[in-house]
Amino acid sequence: MGLLEFSKLPINTLVGADWKTFNQITKGRTIDQAYQGKYRLTKAVCRLLSTLKPLQDKRYEKLLANQPLEHDPVFILGHWRSGTTFMHNVFSCDKHFGYNTTYQTVFPHLMMWGQPFFKKNMSWLMPDKRPTDNMELAVDLPQEEEFALANMMPYTYYNFWFLPKHMQEYADKYLLFDDISDEELKVFEETFTKLIKISLWNTHGTQFLSKNPPHTGRVKELVKMFPNAKFIYLMRNPYTVFESTRSFFTNTIQPLKLQDISNEQLQENILSIYAKLYHKYEADKKYIPEGNLVEVKFEDYEKNAFDLTQEIYQKLSIPGFDEARPAIEAYVNKKKGYKKNQYQYKPETVKLVEKNWSFALDQWGYKL
């Protein structure tokens, strides 16, 4: 158990941003009075740590900047709380994959210099389980890369964790890429490629394994960047996804936010953004070349993770399953007794989901 409770963090994850990114994200934004202290402390630590960024930049330019990627990535897609973390952990048992780590999400500029010192301190302080679902937390475990991207550039959806009053704006621009400028898109491409190269260098992988729900709205752009990328799309019972997302966002946003947002507004945003993300994916998945996409119901994957993992490897022509088989089997067997949060669907939940997300219920055949 770490010394700090997630819900009582005195700073937020922007401590790991570079100084330019921190200022671009917060420029012109209102910081509510209750969070001025957290903002000032986060800003001070960020300013101090960002002086170390040139050390990594120099190493990156020397070692990685001009190195081509050996393989296009494998992307695990799906709305938040659709089981993407479990699948990510299963696939990451294959050592040919490289991935973004939990440490990297907070300190992406302290990867190629100073990592042992900062990682040791982060490990000492952080809790060992996620507050929302009891999944394990550790500095070297695979993690979604959007938090890392949020500390490397201002053009990501996860700015909403800090500035939730602008959640819909960030969704349209940086989740769906509907209103993003060419210049911003270029920065995204360059920054994401840099993150991938550093992740592979750090984890000694040859192919990047991504688990990042925001990428579900960026399929067209990802195919443009990586024409032979492989995609796995997870679906899950929308009633469960709603309850779980509402719990996850409500709990996670508390120690990160610098503005207040009501539970009612957060719920309204969740309902709206789920629909936007669903329809954007459905519209853009046609850009994925034939044979490069597999769609899976999480309930099926959870019941039979080992066999379905092997099937996904075969369908997507991903190499390395035979070598990874023992590690994947051991991890899946270890997780068979894992107790997930149980959701009792209240009548108002059923009404909200059926009113706002009936398209998903109908297409995927989910019923109460």
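Visitor: What makes S4 and S5 a pair, and in which sense do they run?

Guide: This is a predicted model, by the way. S4 and S5 share five bridges in the parallel sense. Two strands count as paired once there are at least two bridges between them, so S4 and S5 qualify. One bridge joins Ile232 to Val294 in S5.

Visitor: How do you know that the sheet is open, and which strands stand at its edges?

Guide: The order is S2-S3-S1-S4-S5, with five strands and parallel pairing. Strand S2 (97-98) and strand S5 (293-297) are the edge strands; each has a single partner, so one side of each has no neighbour in the sheet.

Visitor: And what packs on that sheet?

Guide: H4 does, touching S1, S2, S3 and S4, with its direction at about 160° to that of S3. H9 also lies across S1, S2 and S3, and runs at about 115° to S3.

Visitor: Which strands does S1 pair with, and over how many bridges?

Guide: S1 pairs with strand S3 (residues 207-211) over three bridges, in the parallel sense. With strand S4 (residues 230-235) there are four bridges, also parallel. If you want to click on residues, Val74 has Leu209 as its bridge partner in S3, and Ile76 stands opposite Ile232 in S4.

Visitor: What makes you say both faces of S1 are covered?

Guide: Look at its side chains: Val74 and Ile76 are buried on one side, and Phe75 and Leu77 are buried on the other. In a regular strand the side chains alternate between the two faces of the sheet.

Visitor: Why is His79 called buried?

Guide: Its relative accessibility is 8%, and buried means under 20%, so His79 counts as buried. His79 sits in the loop between S1 and helix H4 (84-91). Leaving out residues up to four places away in sequence, His79 touches Pro213, Thr216, Val241, Thr245, Tyr274 and Leu277.

Visitor: Then why is His204 called exposed?

Guide: The cut-off for exposed is over 50%, and His204 comes in at 67%, so the word fits. His204 is in the loop between H9 and S3. His204 also has a positive phi of about 65°, although it is not a glycine.

Visitor: Phe177 has a positive phi too; is Phe177 buried or exposed?

Guide: Buried: its relative accessible area is 13%, and the limit is under 20%, so Phe177 passes. Its phi is near 60°, and Phe177 is found in the loop between helix H8 (167-175) and helix H9 (182-203).

Visitor: What makes the side chain of Thr105 a polar contact partner for the backbone oxygen of Thr102?

Guide: The distance is 2.5 Å. A polar contact needs N or O atoms within 3.5 Å, so that pair is inside the limit. Thr105 is found in helix H5 (residues 102-106), and with a relative accessible area of 5% Thr105 is buried. Not counting residues up to four places away in sequence, its contacts are Asn100, Gln143, Glu144, Phe147, Ala148 and Asn151.

Visitor: How do you know that the length of H11 agrees with what a helix should span?

Guide: At 1.5 Å a residue, the 16 residues of helix H11 (residues 238-253) should span 22 Å, and the end C-alpha atoms are 21 Å apart, which agrees. At the start of H11, a side-chain oxygen of Asn237 reaches to within 2.9 Å of the backbone nitrogen of Tyr239.

Visitor: What makes H11 mostly covered?

Guide: Of its 16 residues, 12 are buried, including Tyr239, Val241, Phe248 and Phe249. The buried residues of H11 pack against H8, H12, helix H16 (347-356) and helix H17 (358-364).

Visitor: What does Phe249 touch?

Guide: Trp80, Phe160, Trp161, Met167, Leu266 and Ile270, again not counting residues up to four places away in sequence.

Visitor: How many residues does the largest nonpolar core have, and which have the most contacts inside it?

Guide: That core has 75 residues, and the ones with the most contacts inside it are Tyr157, Phe160, Trp161, Phe192, Phe249 and Trp357. Helix H12 (residues 263-284) gives the most to this core, with nine residues. Apart from this core lies another, of 27 residues, among them Val90, Leu234, Val296 and Leu308. In soluble globular proteins, nonpolar side chains tend to be buried together.

Notes: Residues are numbered from 1 along each chain as its sequence is written. This is a predicted model: local features need pLDDT of at least 70, side-chain atom pairs count only at pLDDT 80 or more; totals for chains, interfaces and linings use all residues. Side-chain values use heavy atoms; hydrogens and water are left out. A nonpolar core is a set of buried Ala, Val, Leu, Ile, Met, Phe, Trp, Tyr and Cys residues joined through side-chain atoms within 4.5 Å. Buried means under 20% relative accessible area, exposed over 50%, partly exposed in between (1.4 Å probe, protein chains only). Contact means heavy atoms within 4.5 Å. Axes are lines fitted to C-alpha atoms, for helices over the stretch in contact, and angles run from 0 to 180 degrees between N-to-C directions. A polar contact is a pair of N or O atoms within 3.5 Å; within protein, one must be able to donate a hydrogen and the other to accept it, and residues adjacent in sequence count only if both atoms are side-chain atoms. The expected span of a helix is 1.5 Å times one less than its number of residues.
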